[in-house]
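Visitor: I would like to learn how to read a model of this kind, one feature after another. Could we begin with the pairing of charged side chains?

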Amino acid sequence: MGGINESEKYLLNRHKEHHFTAGEIVRDVIIGVSDGLTVPFALAAGLSGANVSSSIILTAGIAEVAAGAISMGLGGYLAAKSEADHYDRELRREQEEIDTIPDSEAAEVAEYGVEPHEYGPVVNALRKNPQAWLDFMMKFELGLEKPDPKRALQSALTIAIAYVLGGLVPLLPYMLIPVAQKALVASVMVTILALLIFGFAKGYFTGDRPVWSALQTALIGAIASAAAFGMAKAVQG
């Protein structure tokens, strides 16, 4: 169990795996943009149905975007912080088990269908490197990856910024068109287009069918805004 020999180095250098590794950032962007596009869009549509002016809709929309960005960012921070705390708790527990019941920990490798004479040399080598053994058990027994210490703050900022960027799209027509009903038509067109583009990009990066993802995202946004507009009309009536 020495170091990597020359032939293994050659194979590792020759075979470079290309995996998409920005999954967490993409997930945060998806959460922020999707909510940012649909919630202010539905709010503006609902207020337009109540026959208020564009300035009132814009004021309410900007307030919602600000509050939503803070709320969503805080939610992302707490979620990432909870994930890091969970990892730390399991790490301490696993370290304690390795220290107190090392034989039982070694035997857990057999759960993967490996015979003792097969996993014995691997476990013996890991025992000589306690940190490597701990990392191995965390990853393969518990399926936990060590989170980035900056993950919580990064998640909060990513979601909040994505929410603001998404939320400004449906509000843009109300900044330019003083008549709310006309601004609503422009907002619907701009937002549906943005939802289609965003849905396509989401499907592309997540490995889903981009066209189907685009249509699904736009449909959800349209249903949300239509429901808000209808409720506003019903209350007004």
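Guide: Side chains of opposite charge can pair when their charged atoms come close. In this predicted model, Arg151 forms a salt bridge with Asp28, and the closest N and O atoms of the two are 2.8 Å apart. The pair links distant parts of the chain, since Arg151 belongs to helix H7 and Asp28 to helix H2 (residues 23-49), with their positions 123 residues apart.

Visitor: Are Arg151 and Asp28 buried or exposed?

Guide: A residue is called buried when its relative accessible area is under 20%. Arg151, with a relative accessible area of 4%, is therefore buried, and Asp28, with 2%, is buried as well.

Visitor: How many salt bridges does the count come to, and where do Asp85 and Glu90 find their partners?

Guide: The count comes to three salt bridges. Asp85 pairs with Lys81, with the closest N and O atoms 3.2 Å apart, and both residues lie in helix H3, four residues apart, which is about one turn of the helix. Glu90 meets Arg93 at 3.1 Å, N to O, and this pair also lies in helix H3, three residues apart, again about one turn. As for accessibility, Asp85 is partly exposed at 30% and Lys81 is partly exposed at 36%, whereas Glu90 is buried at 14% and Arg93 is partly exposed at 45%.

Visitor: Turning to nonpolar side chains, which residues form a nonpolar patch on the surface?

Guide: The patch is made of Leu74, Tyr77, Leu78, Leu153, Leu157, Ile161 and Leu165, which together have about 690 Å² of accessible area. Helix H3 (54-100) and helix H7 (151-176) each supply at least two of its residues, and H7 gives the most, with four. Within helix H7, Leu157 is partly exposed, with a relative accessible area of 48%. Leu165, also found in helix H7, counts as exposed because its relative accessibility of 55% is over 50%. The C-alpha atom of Leu165 is separated by 7.2 Å from that of Gly36, although the two residues are 129 residues apart along the chain.

Visitor: How can the span of a helix be checked, taking H8 as the case?

Guide: One compares the expected span, at 1.5 Å a residue, with the distance between the end C-alpha atoms. The 27 residues of helix H8 (residues 180-206) should span 39 Å, and the end C-alpha atoms are 37 Å apart, which agrees. The buried residues of H8 include Leu184, Leu195 and Phe198, together with Gly199 and Gly203. Just after H8, Gly207 takes a positive phi of about 85°.

Visitor: What does the chain look like as a whole, in its secondary structure and its contacts?

Guide: The secondary structure comes to nine helices and zero strands. Of the 237 residues, 33% count as buried, and the chain exposes about 14400 Å², of which carbon and sulfur atoms supply 66%. Among contacts with a separation of 6 or more, 73% join residues 24 or more positions apart.

Visitor: Where is the predictor's confidence lowest and highest among the elements?

Guide: Helix H1 (residues 6-14) has the lowest mean pLDDT, 55, and H7 has the highest, 93. The chain averages a pLDDT of 79, and 77% of the residues score at least 70. Over residues 17-21 the pLDDT stays under 50, and for that stretch the model has two contacts beyond four places in sequence.

Methods:
Residues are numbered from 1 along each chain as its sequence is written. This is a predicted model: local features need pLDDT of at least 70, side-chain atom pairs count only at pLDDT 80 or more; totals for chains, interfaces and linings use all residues. Side-chain values use heavy atoms; hydrogens and water are left out. The expected span of a helix is 1.5 Å times one less than its number of residues. Buried means under 20% relative accessible area, exposed over 50%, partly exposed in between (1.4 Å probe, protein chains only). Patches are made of residues with over 30% relative accessible area and no salt bridge: like charges are joined within 9 Å, nonpolar side chains (Val, Leu, Ile, Met, Phe, Trp, Tyr) within 5 Å. Accessible areas come from the Shrake-Rupley method with a 1.4 Å probe; for residues, only the protein chains shown count as cover. A salt bridge is a side-chain nitrogen of Lys or Arg within 4 Å of a carboxyl oxygen of Asp or Glu. Contact means heavy atoms within 4.5 Å. pLDDT is the predictor's confidence in each residue, from 0 to 100.
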